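Colleague: Got a minute to walk me through this fold before I head back to the bench?

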Amino acid sequence: MEPIGIRPTNDFAFSLTFGTPQNKVALMSLLNAILEFPVPIADVQIENPYNYREFLEDKLSILDIKATDGRGWIYHIEMQVLVVADLTQRLVYYACDQYADQLRSGDQYAELKPVFTICFIEGKISESKSKVHHTFSLTDLESGRALRNTIEIHTLELGWYNLKESELAFASELERWLFWLRNAHKYDSETLRRLFPQPAFIQATDTIDRIARKTEDKDMYDLREKRLRDQRWMINSSIRQGLKQGLEQGLEQGLEQGREEGREEGREEGREEGREEGRQEGRKEGVDLGMVLGHIKSFQKLLGLIPSNDQELMAQDIAELQALASELEKQVLKKFRG
């Protein structure tokens with residue numbers, strides 16, 4: 001038999017597998033494997049079930065899953081295929097937003113329910129090669145005391161996962177789910193059912209098998225795959241363009257500074273600084289309209305200012321950053337060209 005060929009990490013396939021009412025068993029199994037509550041989740045209600053028509057109307061929407069259990073606890077699950085620079089901030093923002101959004105006029109703070117944000121990341125965002133699953137909560141740094149049952153964020157970096165099929169028999173439930181998510185598309189349905197005979201896994205396998213066989217679902221899957229390829233192409237193109245612009249801009253700034261100072265040493269330092277700044281900022285900020293952040297930092301250095309850190313700059317929108325870069329550029333030109 002041929003492999004199923006449907007990647008569960010495709011956000012459409014992921015949403016259809018875990019974000020539909022008929023697949024609650026699969027979702028509960030996945031949540032229990034991640035969260036490991038003393039008392040497992042016994043039932044969930046999916047608050048935003050996948051809607052085919054809504055997806056047709058907005059093909060660029062983010063397909064996440066929101067569910068609640070019998071206690072009213074809130075679970076937000078998403079599959080992040082592309083690693084973006086502000087992912088951490090976005091996860092914190094959405095977790096806080098869902099926590100605060102519970103209260104209505106007249107409600108008491110004691111009525112707030114815990115929020116668990118869970119993000120599967122197909123790549124890597126940390127340097128910890130031995131750890132796939134990270135848990136973040138509100139914790140006192142000195143005593144280690146945590147504010148339980150408030151906000152908790154889980155990241156699962158599939159890029160670090162390397163379990164082999166031969167190790168499945170001794171793997172934890174979470175490790176088995178991570179293997180399924182990363183590798184199910186490489187197997188035929190019969191083999192998957194043999195490797196993962198539990199009802200939750202059978203439910204998940206049946207779903208991706210159905211996507212492969214059902215024309216409209218396969219069309220949707222292919223559309224999301226195309227969107228992903230287009231996004232990757234745009235990012236890579238932006239990085240290449242940003243790197244090119246950064247190198248050119250940095251070299252030009254270095255030469256200008258060197259001429260103005262009238263010293264060969266100044267020229268060489270200016271060239272090297274410009275090249276290095278261009279390389280670093282071109283790679284890091286190419287996605288966000290090329291070199292705007294790099295230009296800001298370069299201009300600040302040329303003006304003798306302390307360069308802004310990334311956190312300060314990323315708090316502003318792109319229009320504000322472009323305006324800042326333009327203003328700094330005027331000051332640089334005025335300083336060096338009189």
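Modeller: Sure, let's go through the sheet and then a pair of helices, bearing in mind that this is a predicted model.

Colleague: In what order do the six strands of the open sheet sit?

Modeller: The sheet is open, with mixed pairing. Its edges are β1 (44-46) and β5 (133-137), each of which pairs on one side only. Neighbouring strands are turned by 20° against each other on average, direction ignored. Reading across, the order is β1-β2-β3-β4-β6-β5.

Colleague: Which residue in β3 is the bridge partner of A67?

Modeller: Strand β2 covers residues 65-69 and strand β3 covers residues 74-80. The two run antiparallel and are joined by four bridges. In β3, the partner of A67 is Y75.

Colleague: Now the helices: is α1 parallel, perpendicular or oblique to α7?

Modeller: Helix α1 (residues 11-18) packs with helix α7 (residues 199-213), their axes 9 Å apart. The angle is about 135°. Angles over 145 degrees would count as roughly antiparallel, and 65 to 115 as roughly perpendicular. This angle therefore makes α1, relative to α7, oblique.

Colleague: And what is the handedness of the crossing of α1 and α7?

Modeller: These are the helices whose axes make an angle of about 135°. Their crossing is right-handed.

Colleague: How many residues of the contact of α1 with α7 are nonpolar?

Modeller: On the α1 side you have F12, A13, L16 and T17. They meet A204, T207, I208 and I211 in α7. None of the contact residues is charged and two are polar, while the nonpolar ones number six.

Technical notes
Residues are numbered from 1 along each chain as its sequence is written. This is a predicted model: local features need pLDDT of at least 70, side-chain atom pairs count only at pLDDT 80 or more; totals for chains, interfaces and linings use all residues. Side-chain values use heavy atoms; hydrogens and water are left out. Two strands pair if DSSP finds at least two bridges between them. Axes are lines fitted to C-alpha atoms, for helices over the stretch in contact, and angles run from 0 to 180 degrees between N-to-C directions. Angles under 35 degrees count as roughly parallel, over 145 as roughly antiparallel, 65 to 115 as roughly perpendicular and the rest as oblique. A crossing is left-handed if the near helix is turned anticlockwise from the far one by less than a right angle, and right-handed if clockwise. Contact means heavy atoms within 4.5 Å. Ala, Val, Leu, Ile, Met, Phe, Trp, Tyr, Cys and Pro count as nonpolar, Asp, Glu, Lys and Arg as charged, and the others, Gly among them, as polar.
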